[in-house]
Amino acid sequence: MSSGMRDLTIDELDSVSGGTVHTEVRKTTLIDINGKGILAIGTVSIDGGPALPSAEWIPVK
């Protein structure tokens with residue numbers, strides 16, 4: 001049975017977002033810190049640009 005859902009085209013994404021659609025590529029390593037949270041470190045590249053360092057702290061709830 002089909003759910004009636006489909007992928008949006010770039011033009012459709014542009015029209016609903018009110019701007020340009022960007023492509024983001026991440027390469028990330030996740031490190032558990034003593035059960036207190038996760039440190040995500042790696043790189044991010046937007047629209048084919050240079051890979052820049054990235055870090056994020058994700059606390060355990």
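**Figure 1. Arg-26 and its charged partner.** Arg-26 has a relative accessible area of 45%, so this residue is partly exposed. Welcome to a predicted model, and to a pair of side chains that makes an easy starting point. The partner of Arg-26 is Glu-24, and the two form a salt bridge in which the closest N and O atoms are 2.7 Å apart. Glu-24 is partly exposed as well, with a relative accessible area of 48%. Side chains of opposite charge can pair when their charged atoms come close. If you look for other pairs of this kind, note that the structure holds 1 salt bridge.

**Figure 2. The chain as a whole.** Step back for a moment to see where the close-ups belong. The chain has 1 helix and 3 strands, and reading along the sequence gives the pattern α-β-β-β. How much of the chain counts as buried? Of its 61 residues, 7% do. The chain exposes about 5,300 Å², and 59% of that area comes from carbon and sulfur atoms. Taking contacts between residues at least 6 apart in sequence, 12% join residues at least 24 apart.

**Figure 3. The three-stranded sheet.** Here the 3 strands make an open sheet, ordered S1-S2-S3, with antiparallel pairing. S1 and strand S3 (52-59) are the edge strands: each has a single partner strand, so one side of each lacks a neighbour in the sheet. From one strand to the next, the twist averages 20°. Strands of a sheet pair through backbone hydrogen bonds, either parallel or antiparallel. Between S1 and S2, which run antiparallel, there are 10 bridges. Strand S2 (residues 37-46) is also joined to S3 by 8 bridges, again in an antiparallel arrangement. Across that second pairing, Leu-39 stands opposite Trp-57 in S3.

**Figure 4. The turn from S1 to S2.** Follow S1 to its end and you arrive at a hairpin. What lies between its strands? The hairpin of S1 and S2 has 3 residues there, and Asn-34 takes a positive phi near 45°. Beside the turn, Ile-33 has Gly-37 in S2 as its bridge partner.

**Figure 5. Ile-41 and its surroundings.** This view is centred on Ile-41, a residue of strand S2. Is Ile-41 exposed or only partly exposed? Its relative accessibility is 36%, so Ile-41 counts as partly exposed. Ile-41 and Thr-29 are 12 residues apart along the chain, yet their C-alpha atoms are separated by 5.4 Å. Setting aside neighbours within four places in sequence, Ile-41 is in contact with Lys-27, Thr-28, Thr-29, Ile-31, Ser-54 and Ala-55.

**Figure 6. A nonpolar patch on the surface.** Our last stop is a group of three side chains. Which residues form the nonpolar patch? They are Leu-30, Ile-38 and Ile-58, with about 240 Å² of accessible area together. Leu-30 belongs to strand S1 (residues 24-33). Why does Leu-30 count as exposed? Its relative accessibility is 58%, and exposed means over 50%.

Notes: Residues are numbered from 1 along each chain as its sequence is written. This is a predicted model: local features need pLDDT of at least 70, side-chain atom pairs count only at pLDDT 80 or more; totals for chains, interfaces and linings use all residues. Side-chain values use heavy atoms; hydrogens and water are left out. Patches are made of residues with over 30% relative accessible area and no salt bridge: like charges are joined within 9 Å, nonpolar side chains (Val, Leu, Ile, Met, Phe, Trp, Tyr) within 5 Å. Accessible areas come from the Shrake-Rupley method with a 1.4 Å probe; for residues, only the protein chains shown count as cover. A salt bridge is a side-chain nitrogen of Lys or Arg within 4 Å of a carboxyl oxygen of Asp or Glu. Helices (H or I, at least four residues) and strands (E, at least two) are DSSP runs, numbered from the N terminus. Buried means under 20% relative accessible area, exposed over 50%, partly exposed in between (1.4 Å probe, protein chains only). Two strands pair if DSSP finds at least two bridges between them. Axes are lines fitted to C-alpha atoms, for helices over the stretch in contact, and angles run from 0 to 180 degrees between N-to-C directions. Contact means heavy atoms within 4.5 Å.
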